[in-house]
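I opened this notebook to record what I looked up in the structure. The entries follow the order in which I made them.

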Amino acid sequence: CIDKSIYYEIDNEIEKIASSINAEEQLVHFYGGIVRLAAHDFMDYDQNSDTSFGSDGCIDWNHEVNKGLETIWCTSCPLTKLYRKKYSFISKADFWIASANAVIRQLSKNQSFDLANTFLWGRKDATTCKGSGNRIPLATGTCQDVEDTMLDAMGLEWRDAVALLGAHTIGKGHEAVRSPFERHDGYWMPTVADSLRFDKQYYEELILRTWRARNSGTDLEDFTASTEETHEHPQIMLKSDVCLLYNSDSNYPCCSKTHRFRNGRNQCDVEQVLSKKKCRRYSNRDTRMQAVNAVLEYLGGSSPNDNQGPFYRAFNTAWYKATTNGHDNLKPLRRMC
Ligand code: HEM
């Protein structure tokens with residue numbers, strides 16, 4: 001049984017661990033990694049398969065899509081230790097979602113975005129989930145992969161997919177260190193502080209910056225922007241982020257805004273000349289205009305504004321669908337267990 005006091009106690013414990021982390025980059029990864037862990041648990045749901053998976057505390061740890069999560073959930077990881085010490089009476093699946101909810105609340109505007117009202121518990125953990133990693137889009141995935149996973153398999157709408165990917169407003173990608181898999185180095189946000197705020201900035205970055213293809217032709221294809229701000233890492237968007245606004249799958253490598261200059265040089269022409277390859281727009285008849293319209297909606301009005309409402313409401317709906325997929329008989333938080 002999970003009641004409100006247990007739910008908020010978990011929130012409190014996560015805050016305590018976070019406050020013991022001094023290095024900002026590590027804090028970004030601690031917070032971001034928890035949300036990514038819960039997401040990778042639910043992104044393997046396939047409504048069209050006999051083995052449907054979904055949030056079940058099971059992740060394919062050897063699959064490259066999950067690389068990095070072993071530093072969030074491991075024998076010596078603070079989150080795992082917390083679970084083993086105090087919360088192993090609930091399922092890992094429930095615990096990962098409650099922990100992700102805690103992160104989202106703590107990093108939200110005025111710490112006010114509370115997902116407790118839509119939190120349900122009672123998921124059972126699976127001991128194996130063979131093949132689950134193959135259901136999650138790769139780091140170089142396209143909009144077709146987002147569509148296959150989030151719309152066709154998970155049964156979500158484009159507006160849900162766009163809301164969920166807005167979680168890239170926190171956290172970062174990591175360079176490969178002693179890993180057999182190459183990784184995408186960089187932050188989605190221009191500053192480390194921005195990467196510790198769960199807000200609609202992801203959509204603002206998507207629309208305002210000049211995104212140019214990077215690493216094209218390699219296993220690390222993505223986009224980057226020239227950002228003159230604080231962190232030492234590049235600012236990034238994945239192909240599956242940029243394609244929510246531009247039809248970038250259709251003419252990758254491309255650049256989102258081809259008439260912008262910095263220090264006399266076209267911002268598209270840094271690693272390769274892309275100033276003549278503008279990323280295409282979707283036609284009005286394209287179903288992916290639903291994604292574009294969602295991006296515009298979550299901006300919350302004309303810029304600049306601090307209206308987080310449209311994003312938070314859409315995220316709440318999408319998160320609820322994603323975390324409950326494949327389950328019936330889940331229960332809301334009790335007042336007292
Ligand atoms: C098309 C689907 C997705 C793709 C291709 C994708 C890809 C990635 C990649 C490559 C990273 C960097 C990992 C690393 O190097 O450590 C990452 C990080 C992250 N992802 Fe996603 N992701 C997807 C969906 C989601 C969803 C649905 C959520 C949550 C709702 C999410 C939340 C995060 C967070 C918070 C991080 C930062 C992790 C950290 O700081 O360690 N992602 N994602």
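Entry 1, the ligand shell. I asked which element gives the most residues to the shell around the ligand, and found that α2 does, with 7 residues. I note that the model is a predicted one. The ligand is surrounded by 25 residues, and the closest of them are G32, A39, G68, A139 and G171. The elements that give two or more residues to this shell are α2 (24–42), α6 (158–165) and β2 (172–173). I then sorted the shell by class and obtained 11 nonpolar, 11 polar and 3 charged residues.

Entry 2, the nonpolar core. I looked up the largest nonpolar core, which has 88 residues. Helix α4 (residues 92–107) gives the most to this core, namely 10 residues. The residues with the most contacts inside the core are I34, V162 and V295. I followed V162 further: with its neighbours within four places in sequence left aside, V162 is in contact with L244, A291, A294, V295 and Y298.

Entry 3, the strands. I turned to strand β5 (residues 222–225) and asked whether its two faces are covered or open; both are covered. On one side D222 and T224 are buried, and on the other F223 and A225 are buried. In a regular strand, side chains alternate between the two faces of the sheet. I next checked the pairing of β5. Strand β4 (residues 212–214) pairs with β5 in the antiparallel sense over 3 bridges, and R212 has T224 as its bridge partner in β5. β5 also pairs with strand β6 (residues 235–237), in the antiparallel sense and over 3 bridges. There, A225 stands opposite Q235 of β6.

Key. Residues are numbered from 1 along each chain as its sequence is written. This is a predicted model: local features need pLDDT of at least 70, side-chain atom pairs count only at pLDDT 80 or more; totals for chains, interfaces and linings use all residues. A nonpolar core is a set of buried Ala, Val, Leu, Ile, Met, Phe, Trp, Tyr and Cys residues joined through C-beta atoms within 7 Å. A residue is buried if 20 or more other C-beta atoms lie within 10 Å of its own, exposed if 12 or fewer, and partly exposed in between; C-beta atoms are placed from the backbone. Helices (H or I, at least four residues) and strands (E, at least two) are DSSP runs, numbered from the N terminus. Two residues are in contact if their C-beta atoms, placed from the backbone, lie within 7 Å. Two strands pair if DSSP finds at least two bridges between them. A residue is near a molecule or strand if its C-beta atom, placed from the backbone, lies within 6 Å of it. Ala, Val, Leu, Ile, Met, Phe, Trp, Tyr, Cys and Pro count as nonpolar, Asp, Glu, Lys and Arg as charged, and the others, Gly among them, as polar.
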